[in-house]
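User: I would like to go through this model term by term and see what each label rests on. Please set every value against its cut-off before you conclude.

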Amino acid sequence: MYPTHTLTRAATALITLMFSASAMAEEALDNPYGLSALWAQGDGVAKATLLILVIMSMGSWYVIFTKLAEQNRVMRYAKIAQDNFWNAGNVRQGTDGLETDGPFRFIAEKGLESAGKHTGLLGNINFNDWVTMSIQRAMNHVQSRMQDGLAVLATVGSTAPFVGLFGTVWGIYNALVKIGMSGQASIDKVAGPVGESLIMTAIGLAVAVPAVLGYNWLVRRNKVAMEKVHAFGADLHAVLLGSAASDSDAK
């Protein structure tokens, strides 16, 4: 059981937090200068800039979640390959036991295909070199697929602050024009429109920061996943060469 004074302090802190949140919400509703005012008073350029930032944010979060799910699948497929593939009787049986849509099944299929197609003009290539090239091409394809979408995060992270800055400059320009035309330059007339314009810069930063952090995080996770892919490809290459050598000795 918790002491009574501890529960009292916790209840007091919770009530204080609730009142503070309520006060902040009421202040936001009473504030005449905010996102609602920015959208209502902005022209076509300002609204288009805001929409672009919203689309960039949605796109970056979509890429983050989809790539995270894809990397988790690759990690799971790597564990399945490690547990099942190397315990099979032969490469064909091990390949059939892998997930059909996984990168490890794709690499294993390409390795088996290269071993079975070492005929004709391809027979002039050293078997070791031919299998190496085939598996390396398959791994390069997997790496290319895993990097899909990361360019979106890099683009959003590098351009969103400038898009927000453009919205700020455009908003300040329009605000100063309106103030000059009205002939009223008091602080209450200047602070509102200029403050609304500065929101664009804050939105641009809010869009860019998650994109940059997500990009760096996903790149690191991609590196870990590709290390497992390369390890599987190297082991598969050795197994295929060993199998071919065993078949030659048997003949």
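User: Why does Val54 count as partly exposed?

Analyst: Val54 has a relative accessibility of 38%, and the scheme calls a residue buried under 20% relative accessible area, exposed over 50%, and partly exposed in between (1.4 Å probe, protein chains only). The value for Val54 falls in the middle range, so Val54 is partly exposed. The model is a predicted one, in which local features need pLDDT of at least 70 and side-chain atom pairs count only at pLDDT 80 or more, while totals for chains, interfaces and linings use all residues. Residues are numbered from 1 along each chain as its sequence is written, and side-chain values use heavy atoms, with hydrogens and water left out.

User: Where does Val54 lie, and how far apart are Val54 and Val207 in space?

Analyst: Val54 belongs to helix H3 (residues 44-84), where a helix is a DSSP run of H or I with at least four residues, a strand is a run of E with at least two, and numbering starts from the N terminus. Although 153 residues separate Val54 from Val207 in sequence, their C-alpha atoms are 8.0 Å apart. Another such pair is Trp217 and Leu68, which are 149 residues apart along the chain with C-alpha atoms separated by 9.6 Å. Trp217 sits in helix H8 (residues 187-250), and its relative accessible area of 36% makes Trp217 partly exposed as well.

User: What makes the meeting of Glu109 and Arg92 a salt bridge?

Analyst: The term requires a side-chain nitrogen of Lys or Arg within 4 Å of a carboxyl oxygen of Asp or Glu. Between Glu109 and Arg92 the N to O distance is 2.9 Å, so the pair qualifies. This salt bridge links distant parts of the chain, with Glu109 in helix H5 and Arg92 in helix H4 (residues 91-96), 17 residues apart. Side chains of opposite charge can pair when their charged atoms come close.

User: How do you know that Arg92, Asp96, Arg105 and Glu109 are linked in a network?

Analyst: Besides the pair already described, Glu109 meets Arg105 at 3.0 Å, N to O, and Arg105 in turn reaches Asp96, with the closest N and O atoms 3.9 Å apart. Each of these distances satisfies the salt-bridge criterion, and therefore Arg92, Asp96, Arg105 and Glu109 are linked in a network. Glu109 and Arg105 are 4 residues apart in helix H5, which means a separation of about one helical turn. Arg105, at 15% relative accessibility, counts as buried, whereas Asp96 is partly exposed at 45%, as are Glu109 at 27% and Arg92 at 35%. The whole structure contains 8 salt bridges.

User: Why are H5 and H6 described as roughly antiparallel or roughly parallel to each other?

Analyst: Helix H5 (residues 103-116) and helix H6 (residues 127-146) pack at about 155°, with their axes 9 Å apart. Axes are lines fitted to C-alpha atoms, for helices over the stretch in contact, and angles run from 0 to 180 degrees between N-to-C directions. Angles under 35 degrees count as roughly parallel, over 145 as roughly antiparallel, 65 to 115 as roughly perpendicular and the rest as oblique. H5 and H6 are therefore roughly antiparallel.

User: Why is Phe162 called exposed?

Analyst: Phe162 has a relative accessible area of 58%, which lies above the cut-off for exposed residues, so the label applies. Phe162 is placed in helix H7 (residues 150-182).
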